[in-house]
Amino acid sequence: MKQITRRTVTFSVAALAAATGAGVALWRYRLVEPDGSALAALWALELETVDGRLFSMSTLRGKPLVVNFWATWCPPCVDELPLLERFYQKNYAKSWQMVAIAVDNAKAVGQFLSKMPLSFPTPLAGLGGAELSRSLGNLTGGLPFTVVIDGAGAIVLRHMGKLSASQIDNFLTLS
């Protein structure tokens, strides 16, 4: 009979723990297909901006659109915003639209935008933004969460977590 060493047991336990952790992460951060009413609700939204104006999501309809859910207290969100700004600056002349829906409060977003201005709309959804992102397929309501909608109004990408520069540049292939 083969003798089981401490190293073999340790390696087996570590492998099992890693596999379990990966499985839990995949389940926890899975995305589901939104139902048809989710996009209709998105287009019908009117959200307040930091300066108290109303921003209507319907103004972005008909062109490729990146919808990013973020918050000032979310480090990965803050890290990806300059990348999204760069993409927007390079591609708005090609009809790309972008909106960063803040799952945050007006004071925090206002302070953030005074330090890092963005060229695209950043309306406020407060905690209701997490529910909106859930309706678009983000089961956990985690941030950042990004949805890309093509010019015909179909969701072509949903991404949970921080985007890399190359992932953002690949948006161009989706429209």
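Which backbone nitrogen does a side-chain oxygen of Asn105 reach at the start of H4? Keep that in mind; the tour gets there after the sheet. Note before starting that the model is predicted.

**Whole chain**

Show the chain as a cartoon. Its secondary structure comes to 6 helices and 6 strands. Starting at the N terminus, the elements run α-α-β-β-β-α-β-α-α-β-β-α. Now color by burial. Of the 175 residues, 41% are buried. Switch on the surface: the chain exposes about 9600 Å², and carbon and sulfur atoms supply 59% of that area. For a contact map, take the contacts with a separation of 6 or more; 63% of them join residues 24 or more positions apart.

**The sheet**

Select S3, S4, S5 and S6. These 4 strands form an open sheet in the order S4-S3-S5-S6, and the pairing is mixed. At the edges lie S4 (97–102) and S6, each of which pairs on one side only. From one strand to the next, the twist averages 15°.

Zoom in on S3 (residues 65–70) and S5. The two run antiparallel and are joined by 5 bridges. Pick Leu65: its bridge partner in S5 is Ile149.

Add helix H3, residues 75–91. H3 packs on the sheet and touches S3, S4 and S5. The direction of H3 makes about 160° with that of S3.

**The hairpin of S5 and S6**

Move to S5 (residues 145–149) and S6 (residues 155–160). Their pairing is antiparallel, over 5 bridges. One of the bridge pairs is Val148 with Leu157 in S6. Between the strands of this hairpin there are 5 residues. Select Gly153 and check its backbone: phi is positive, near 95°.

Stay on S6 and select His159, which is found in this strand. Is His159 buried or exposed? His159 has a relative accessible area of 18% and counts as buried, because the cut-off for buried is under 20%. Its side chain reaches the backbone oxygen of Gly161 at 3.5 Å.

**Two aromatic residues**

Go back to H3 and select Phe87, which has its place in that helix. Phe87 is buried, at 1% relative accessibility. Show its contacts beyond four places in sequence: Val66, Trp96, Met98, Ile168, Asp169, Phe171 and Leu172. Draw a C-alpha to C-alpha distance from Phe87 to Phe171. These residues are 84 apart in sequence and 9.1 Å apart in space.

Step to Trp96, in the loop between H3 and S4. Trp96 is buried too, with a relative accessible area of 3%. Which residues does Trp96 touch, not counting those up to four places away in sequence? The list is Pro64, Leu65, Val66, Phe87, Tyr88, Asn91, Val148, Phe171, Leu172 and Ser175. Two names from the sheet stops recur here: Leu65, the bridge partner of Ile149, and Val148, the bridge partner of Leu157. Draw another C-alpha to C-alpha line, from Trp96 to Gly151. They are 55 residues apart in sequence and 8.9 Å apart in space.

**Helix H4**

Select residues 106–115, helix H4, and include Asn105. Here is the opening question settled: a side-chain oxygen of Asn105 reaches to within 3.1 Å of the backbone nitrogen of Lys107.

Now look down the axis of H4. Its buried residues are Ala108, Val109, Phe112 and Leu113. Why do they lie on the same side of H4? They do so because they cover an arc of only 125° around the axis. The spacing has a general background: an α-helix has 3.6 residues a turn, so residues three or four places apart point the same way. Show the neighbors next: the buried residues of H4 pack against S3, H3 and S4. Rotate to the other side of H4, where Lys107, Ser114 and Lys115 are exposed.

**Helix H5**

Last stop: residues 128–135, helix H5. Gly129, Ala130, Leu132 and Ser133 are buried here. Viewed down the axis, the buried residues of H5 fall within an arc of 160°, so they line one face of the helix. Finish on Gly137, which follows H5. Its phi is positive, near 115°.

Notes:
Residues numbered from 1 in each chain as written. Predicted model: local features only at pLDDT ≥ 70, side-chain atom pairs only at ≥ 80, totals over all residues. Heavy atoms only, no water. Pairing = 2+ DSSP bridges. Buried < 20%, exposed > 50% of the residue type's maximum accessible area, 1.4 Å probe, protein only. Contact = heavy atoms within 4.5 Å. Areas by Shrake-Rupley, 256 points an atom, 1.4 Å probe, with all protein chains shown as cover. Axes fitted to C-alpha atoms, helices over the stretch in contact; angles between N-to-C directions. Arc of directions from axis to C-beta. Polar contact = N/O pair within 3.5 Å; in protein donor to acceptor, adjacent residues only side chain to side chain.
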